[in-house]
Amino acid sequence: MNILEIEHLDVHFPIHIGTVRAVEDVSLSLQHGEVMGLVGESGCGKSTLGFSILKLLRSPGHIAGGAIHYHGRDIASMKQRELLNLRGKKISMIFQDPLTSLNPLFRVEDHFVETIQTHEKGISRKKARARAEEMLVNLGISPERLSEYPHQMSGGMRQRIMIGISLILNPDLLIADEPTTSLDVIVEAQFLDLLNELRRKYNLTILLISHNLGIVAQMADRVTVMYGGRIAESGPAETVFTNPAHPYTQGLLASIPNIQLDQPEIQTMPGAPPDLVNPPPGCVLHPRCPQVMEKCKRERPVFTENNGRRVSCWLYT
Ligand SMILES: Nc1ncnc2c1ncn2[C@@H]1O[C@H](COP(=O)(O)OP(=O)(O)OP(=O)(O)O)[C@@H](O)[C@H]1O
Ligand SMILES: [Mg+2]
């Protein structure tokens, strides 16, 4: 069953010099219980896609086309009350930096209690605190630390607290946007183990946004690779990582020394991601693509699908 369906989504930011086409014609679905990795270079539209799922795009950003369905319900047509219920309670999101997401003036306990009381009117502080204590045990943190302030905790512990807060209302979908970027590798590994454990315990579906391909390879069941606001390739993580089809995926993987590929050495891609106000015609990758053909400069590639893998590249049509 698909918990989330995104169909032909376009997200635009109209600015003084034109329109930033941050997300262009993106379609993807999340099956219940899976981890979908979303990867791509900085500025390719990953966070914008994450925010649009919660209808939390910052002005002037807006959904300019397509649709997002959560359990079959169209998010765009949801009223404010329904959206508030959706955010946090059904779908929650964690971000890169836990220090800016936690209020320094609030104790850890207050963060939990406020979250619970906002969504579950009438619940006593005592009951809410008891739930928070239980969650801290799940996180491997002593419940006494509920009375501490965020700055009294280490970065890794704060990130664990963030995930605890995001799961306290029992959502079924978690959007994790670069959740480990501020952590060192050891703490990162511990955090990923915890995430895996919580995923099973809470029966979560996760959209894991990261530019770190190692993390995605380790965690994700399927992976979507974005470039210039569009999907370059998506499919089962193992297939995409061991046998990347799109030249962009090949370039991304070739730039990571610790991922073993069963392929001969691949040329990396020079240059920078496209200007999303004036993206190149045809395939957005064509100015950087080592396998560029004449057609790529003129016509936007269509998707081809094979064994659950979709690729948007003229090499495969
Ligand atoms: N508020 C905004 N106004 C104008 N343009 C924006 C705004 N927010 C994002 N963009 C543009 O949208 C595009 C996609 O940005 P986004 O933050 O989604 O990328 P990302 O893939 O998450 O990058 P990163 O890996 O750096 O987090 C970028 O070109 C960015 O400049
Ligand atoms: Mg981002």
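**Exercise 1. Domains**

Into which domains is the protein chain of this predicted model divided, and which residues belong to each?

Solution.
- Step 1: read the bounds. Domain 1 takes residues 2-90 + 171-316, and domain 2 takes 98-170.
- Step 2: place the centres. Taken over C-alpha atoms, the centres of domain 1 and domain 2 are separated by 29 Å.
- Step 3: count the contact. Domain 1 gives 14 residues to it, and domain 2 gives 14 residues.
- Step 4: find the main contributor. On the side of domain 1 that touches domain 2, helix 7 (residues 185-201) gives the most, with six residues.
- Step 5: sort that side of domain 1 by class. Ten residues are nonpolar, three are polar and one is charged.

**Exercise 2. The eight-stranded sheet**

State the order of the eight strands in the open sheet, and identify the strands at its edges.

Solution.
- Step 1: write the order. The eight strands run 6-7-8-3-9-10-12-11.
- Step 2: give the pairing. The sheet is mixed.
- Step 3: take the edges. Strand 6 (91-94) and strand 11 (303-306) each have a single partner strand, so one side of each lacks a neighbour in the sheet.
- Step 4: add the twist. From one strand to the next, the average is 20°.

**Exercise 3. The partners of strand 9**

Determine how strand 9 pairs with strand 3 and with strand 10.

Solution.
- Step 1: start with strand 3 (residues 35-39). Four bridges join strand 3 to strand 9 in the parallel sense. Gly-37 has Val-223 as its bridge partner in strand 9.
- Step 2: turn to strand 10 (residues 230-236). Strand 9 and strand 10 run antiparallel and share six bridges.
- Step 3: pick out pairs in strand 10. Arg-222 is bridged to Pro-236. Met-226 stands opposite Ile-231.
- Step 4: inspect the connection. Strand 9 and strand 10 make a hairpin with two residues between them. Gly-228 lies in the turn and has a positive phi of about 55°.

**Exercise 4. Val-225**

Is Val-225 buried or exposed, and which residues is Val-225 in contact with beyond its neighbours within four places in sequence?

Solution.
- Step 1: locate the residue. Val-225 sits in strand 9 (residues 222-227).
- Step 2: apply the cut-off. A residue is buried if 20 or more other C-beta atoms lie within 10 Å of its own. Val-225 has 28 within 10 Å, so Val-225 is buried.
- Step 3: check the rest of the strand. Six of the six residues of strand 9 are buried.
- Step 4: separate the faces. Arg-222, Thr-224 and Met-226 are buried on one side; Val-223, Val-225 and Tyr-227 are buried on the other.
- Step 5: list the contacts. With neighbours within four places in sequence left aside, Val-225 is in contact with Val-39, Gly-40, Ala-232, Glu-233, Ser-234, His-246, Tyr-248, Thr-249 and Leu-252.
- Step 6: take a distance. Val-225 and Gly-251 are 26 residues apart in sequence, and their C-alpha atoms are 12 Å apart in space.

**Exercise 5. The four-stranded sheet and helix 1**

Give the strand order of the four-stranded open sheet, and say where helix 1 lies.

Solution.
- Step 1: write the order. The four strands run 2-1-4-5, with antiparallel pairing.
- Step 2: name the edges. Strand 2 and strand 5 (73-74) each pair on one side only.
- Step 3: examine one pairing. Strand 4 (residues 62-70) and strand 5 are antiparallel and joined by two bridges. The partner of Tyr-70 in strand 5 is Arg-73.
- Step 4: add helix 1. Helix 1 lies across strand 1, strand 2 and strand 4, at about 65° to strand 2.
- Step 5: assess its cover. Seven of the eight residues of helix 1 are buried, including Lys-46, Ser-47 and Thr-48.
- Step 6: look past its end. Just after helix 1, Lys-55 has a positive phi of about 50°.

**Exercise 6. The shell around ligand 1**

How many residues surround ligand 1, and which are the closest?

Solution.
- Step 1: count. The shell has 16 residues, the closest being Ala-22, Ser-42, Lys-46, Ser-47 and Thr-48.
- Step 2: trace the elements. Strand 1 (2-15), strand 2 (18-31) and helix 1 (46-53) each give two or more residues.
- Step 3: find the largest share. Helix 1 supplies it, with three residues.
- Step 4: sort by class. Six residues of the shell are nonpolar, eight are polar and two are charged.

Key
Residues are numbered from 1 along each chain as its sequence is written. Chains are lettered from A and ligands numbered from 1 in the order in which they are written. This is a predicted model: local features need pLDDT of at least 70, side-chain atom pairs count only at pLDDT 80 or more; totals for chains, interfaces and linings use all residues. A residue is buried if 20 or more other C-beta atoms lie within 10 Å of its own, exposed if 12 or fewer, and partly exposed in between; C-beta atoms are placed from the backbone. Two residues are in contact if their C-beta atoms, placed from the backbone, lie within 7 Å. Two strands pair if DSSP finds at least two bridges between them. Axes are lines fitted to C-alpha atoms, for helices over the stretch in contact, and angles run from 0 to 180 degrees between N-to-C directions. A residue is near a molecule or strand if its C-beta atom, placed from the backbone, lies within 6 Å of it. Ala, Val, Leu, Ile, Met, Phe, Trp, Tyr, Cys and Pro count as nonpolar, Asp, Glu, Lys and Arg as charged, and the others, Gly among them, as polar. Domain bounds come from an automatic or database domain assignment.
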